Amino acid sequence: MTNRLTLSEQFFRDQASANASGGLSTVLNRFSLAGRMLASEIMRAGFVGKLGYTGTINVQDENVRALDVISNETIIQVFENIPMVSGIASEEMEDVHLLPGCDNGKYVISCDPLDGSGNVDVAGQMGTIFGIYRRLSTSGPPTLADFLQPGRNLVAAGYVLYGPCTMMVYTAGGPVNGFTLDRSIGTFFLTHPDLQIPEGCGNYSINEANEKKWDDKTAAMVRAFRQQETQCGKRSARYAGALVGDFHRTLLKGGIYMYPGEIKKPEGKLRLLYENAPLAFVCERAGGAATNGKQRILDITPSKLHERTPLYLGSKGDVAEVMRRLA
Ligand code: F6P
Ligand code: MN
């Protein structure tokens, strides 16, 4: 019988190689638990009337879906009694959520509990994105500054992808490893060790219906990809409309994911703290690159929790081409 490495075994390896105390593996373990719980919720949502909207609007001015609420509550629930985590910044909550009795927890986490929830009703891909930071303050409740750290300070980051199979992909600063959930026993097994983003192949991924909103350089740059006139190679188009799904494909197949800024909205759509920075961390550790068009994503210090930045994320050659064409 082949010896399959489980996610928990990998956590212990990461912990040993980082000479860490064990707290980090517990935090990662809780994300894997949340991932398994949400995979189950998503699979059953259609049977139990949990598809569709709640009728409310969230802090981002987006219509809230039942599964958005369930996902956020699940994340809070799994971290409620974990003393090493002191607070959560989530897409679904205007302010930081402080965990009770965890004044001294040394980590803070950022999370998009259900990315791509627009795909709920069509059985499309969705995901949970997470980042884990060491807090800067040393006692008492965490401060806003503990959360507003640049992505290069991430201790670990990753995502859970809900699709035909459920996968958890993360890095604790070393290799990027991908695990697939064996639903029958509720365990993630290592299926994609040491992921490296391929160069010179793959897709470009962008919502091209936004073309009229872009400045001339952005429009010309995207046109070059569409017309297969890029120096980094010819790219075909793919867009799932769920960042985690689009990034996961880019990580495995190569190419680039783009969400540009717009003339009337130069900051674009995606959020730095719990979307762009964690995925940029994974992408860089897999040999890729991530920029907002001007600056490396991991070097940007957020000035507020829900700050948005443009995002160009993928293999080094493709990101370099974007930078050249936007310069
Ligand atoms: O979380 C934001 C998000 O839903 C991403 O998952 C997705 O990539 C993007 O928005 C899709 O945006 P649009 O519908 O504008 O293409
Ligand atoms: Mn999202």
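Trainee: I'd like to start with E208. Where is its place among the strands and helices?

Mentor: Helices (H or I, at least four residues) and strands (E, at least two) are DSSP runs, numbered from the N terminus. The place of E208 is in the loop between β11 and α5, the helix of residues 216–226. Before we go on, this is a predicted model, in which local features need pLDDT of at least 70 and side-chain atom pairs count only at pLDDT 80 or more, while totals for chains, interfaces and linings use all residues. Residues are numbered from 1 along each chain as its sequence is written, chains are lettered from A and ligands numbered from 1 in the order in which they are written, and side-chain values use heavy atoms, with hydrogens and water left out.

Trainee: Is E208 buried, exposed or partly exposed?

Mentor: Buried means under 20% relative accessible area, exposed means over 50%, and partly exposed is in between (1.4 Å probe, protein chains only). E208 has a relative accessible area of 23%, so it is partly exposed. You can also look across the loop: the C-alpha atoms of E208 and A219 are separated by 9.2 Å, with their positions 11 residues apart along the chain.

Trainee: And N207, where does that lie?

Mentor: N207 lies in the loop between β11 and α5 as well. Its relative accessibility is 26%, so N207 counts as partly exposed. From N207 to P260 the C-alpha separation is 9.4 Å, although the two are 53 residues apart along the chain.

Trainee: Now the metal. Which residues coordinate the manganese ion (ligand 2)?

Mentor: Donors are N, O and S atoms within 2.8 Å of the metal (3.2 Å for Na, K and Ca); water is not among the atoms, so sites may look incomplete. Here the manganese ion (ligand 2) is held by D112 (OD), D115 (OD) and E275 (OE), at 2.0 to 2.2 Å. Written as a sequence pattern, the donor residues are spaced D-x2-D-x159-E.

Trainee: Which parts of the chain does the pair D112 and E275 tie together?

Mentor: D112 lies in strand β5 (residues 107–115) and E275 in helix α7 (residues 272–285), so the pair ties together parts that are 163 residues apart in sequence. Both D112 and E275 are buried.

Trainee: What about ligand 1? Which residues are the closest?

Mentor: A residue is near a molecule if one of its heavy atoms lies within 4 Å of it. Ligand 1 is surrounded by 13 residues, and the closest are D115, N207, Y239, Y259 and E275. You met D115 and E275 a moment ago as donors to the manganese ion.

Trainee: How far are the polar atoms of Y239, L243 and K269 from ligand 1?

Mentor: A polar contact is a pair of N or O atoms within 3.5 Å; within protein, one must be able to donate a hydrogen and the other to accept it, and residues adjacent in sequence count only if both atoms are side-chain atoms. A polar side-chain atom of Y239 is 2.5 Å from an oxygen atom of ligand 1. For L243 it is a polar backbone atom, 2.9 Å from an oxygen atom of the ligand. An N or O atom in the side chain of K269 is also placed 2.9 Å from an oxygen atom of ligand 1. In terms of area (Shrake-Rupley method, 1.4 Å probe), the protein covers 81% of the 400 Å² of accessible area that ligand 1 has on its own.

Trainee: Which backbone atoms lie by the side chains of S110 and T74?

Mentor: S110 is placed in strand β5, and at 1% relative accessibility it counts as buried. A polar atom of the S110 side chain lies 2.9 Å from the backbone oxygen of L273. T74 is in helix α3 (residues 66–79), and with a relative accessible area of 6% it is buried. There, a polar side-chain atom of T74 is 2.7 Å from the backbone oxygen of I70.

Trainee: Last one: what is the phi value of A123, and what of D194?

Mentor: A123 has a phi near 55 degrees, which is positive in a residue other than glycine. A123 lies in the loop between β5 and β6 (126–134), and at 74% relative accessibility it counts as exposed. D194 is not a glycine either, yet its phi is positive, about 45 degrees. D194 is found in the loop between β10 (187–192) and β11 (203–205), and it is partly exposed at 42%.
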